[in-house]
Amino acid sequence: MSNSPNAPSSPKPRVRFAPSPTGFLHVGSARTFIFNWLYARRTGGTMILRLDDTDVERNTDASVNSIFDGLKWLGLGWDQEYKQSDRGALHRHMAQTIFDKGLAYRDFTPAHTGDSEKSGVQGTWLFNPGMRELSRQESDRRAATGEPFALRFRVPRDAGQLVRFTDAVYGEQIKSGADIEDFALLRSDGMPTYHLASCADDADLCITQIIRGQDHLSNTFKHVLIFEAAGYAPPQFAHLPLLVAPDGTKLSKRRHGPVVSVTTYRDAGFLPEAFINFLCLLGWSPKNDREHMSVQELIDAFSLEGINRANAVVNFKDPAPTPEEAFDPKAVWLNAEHIRALPVRDLSQKLLPLVRDAGFEISPERMLQIAPLIRERIKLLRDVLTAADFFFVDQLPPYDPAELIPQKGDAAMAKKVLAKAHAILPNVEFRHDPLDQALRAAAQELGLKAGQMFQPIRVAVCGRKNAPPLFETLEVLGKEKTLRRIEQALKKLT
RNA sequence: GGCGCUAUCGUCUAGGGGUUAGGACGGAAGAUUCUCAAUCUUCAAACCCGGGUUCGAUUCCCGGUAGCGCUACCA
């Protein structure tokens, strides 16, 4: 059997992302989606989104919304969409097929309630006593009386039977039937279990590659059993190493907070393509030292062979000193890289709604002027609010007048500089080059270094020492506002 | 407990029977520009442990250890 997408005998790949809506979309699920999507796009295959919502008790609308919100933000899309709850007949039909072949049996044992000994300290549980051997007549008779039962798979355990499959990532996998319990196919309320529903749908939807988390690796033996019992050839499997927290445990919202939720990244100002890029580098490598990659470059480079087997740590800080430090530093760096790679116009468009949401009236034209000044100074889109605040406000927030004092200078020097600036600026054209010439000349006249001249002006105008380059800043800010802020600074110095 | 998977700098990873074990993030130092950022240069930083196999193992095999997963009428 060939894995090559170009092999004439292999069917068009069909892959699926099948989240169960029992929680928000977390980063591990997002990565699974992305890898499936990449595989589909790479091979010209079909990407299917399937909601695995057979657990009626735990499903929530909020979760469905969270999944769609997250996927919508990623912006990758999908080709087909299904919901397991619409397909109950299909699942029951497969259960019936397996039962008719004698490969499953009714288990009338009441559902296990206590969760105390679930980790089975006492040993391996394989089946409930008496049920596997129940005669068909007896089984039919009890069922006819309306006695509830679960349908269990009759795992072949005689003569050291083995179940095997080849995982595209983990290689040859073999397990003895003697180590597989008689898992349930149907619950006593008639609802299919995950294993059954998943396999029935994968078979019906002609899924060719199942790319999913490694937590399913050992379940796959059961799935192979189901496929074969129902008369289908199992698809190819590719299991992904898990994403774990810095403490090595599985990512969970309860333990690790909002950093595991996709929407947190969106709200913090990540670019979806940067987030996708980051996730791809967790557990996969293009093997050529490339890190910053566009979605198209990822498609071109993606292959199942590049996936590795060890779990990957999402290196966030658990109690984060600042919101920005909460994220994996590499994710933040990649985001800054993608921001810098963005055309100014695109960046400006993304920034505008954030600024407006923060309550500032600002025109697209003005945002377009500001964007290039901060593009190399922000790591997250939201940083625009702190990096360019002085452009947005009318009145600068209070700052320490001592900031106005230049290196190796004193208040008198600051005053002299600002007075000089205030005197010459009205006659200067507010564009980069004229401002540059005028202010440098002024510095020379005063016998000061350029830096000593520029700093008081920068602080007067921006309210702090660290800001974009001065001339561009003044140009965008405009003459009127600049002069007014210099006047205000002068007052602070008296 | 049983079964399975995994193990290279702090983190993500490349590599692979003989290498100065490579890159990136982060950290440190320096260069540079009007500050900051960006950029550039340099530095520190790793093959889990023990046995084999071999002339030679970080790489292959076995064992240990550790971590993770599954062991539900959850998914």
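Mentor: Between helices, angles under 35 degrees count as roughly parallel, over 145 as roughly antiparallel, 65 to 115 as roughly perpendicular and the rest as oblique. This is a predicted model, in which local features need pLDDT of at least 70, side-chain atom pairs count only at pLDDT 80 or more, and totals for chains, interfaces and linings use all residues. Residues are numbered from 1 along each chain as its sequence is written, while chains are lettered from A and ligands numbered from 1 in written order.

Trainee: How are H3 and H5 oriented to each other?

Mentor: Helices (H or I, at least four residues) and strands (E, at least two) are DSSP runs, numbered from the N terminus. The axes of H3 (residues 88-100) and H5 (residues 194-204) come within 9 Å and cross at roughly 100°; axes are lines fitted to C-alpha atoms, for helices over the stretch in contact, with angles from 0 to 180 degrees between N-to-C directions. H3 and H5 are therefore roughly perpendicular.

Trainee: Which residues of H5 make the contact with H3?

Mentor: Residues are in contact if their C-beta atoms, placed from the backbone, lie within 7 Å. From H3 come Leu-90, His-91, Met-94 and Ala-95, and from H5 come Leu-196, Ala-197, Ala-200 and Asp-204.

Trainee: Which helix gives the largest share of the largest nonpolar core?

Mentor: A nonpolar core is a set of buried Ala, Val, Leu, Ile, Met, Phe, Trp, Tyr and Cys residues joined through C-beta atoms within 7 Å. This core has 69 residues, and among those touching the most other members are Val-27, Ile-34 and Phe-275. Its largest share, nine residues, is given by helix H1 (residues 27-43).

Trainee: Is Leu-347 buried or exposed?

Mentor: Leu-347 belongs to helix H12 (residues 344-357), and its contacts beyond four places in sequence are Ile-339, Leu-342, Ala-371 and Arg-375. A residue is buried with 20 or more other C-beta atoms, placed from the backbone, within 10 Å of its own, exposed with 12 or fewer, and partly exposed in between. With 25 such atoms, Leu-347 is buried.

Trainee: How far apart in space are Pro-426 and Leu-483?

Mentor: Pro-426 sits in the loop between helix H16 (411-424) and helix H17 (432-446). With 10 C-beta neighbours inside 10 Å, Pro-426 counts as exposed. Although 57 residues separate Pro-426 from Leu-483 in sequence, their C-alpha distance is 7.8 Å.

Trainee: Which residues come nearest to RNA strand B?

Mentor: A residue is near a strand if its C-beta atom, placed from the backbone, lies within 6 Å of it. Of the 63 residues around RNA strand B, the nearest are Ser-20, Ala-184, Ser-188, Tyr-194 and Ala-310.

Notes
Contact = placed C-beta atoms within 7 Å.
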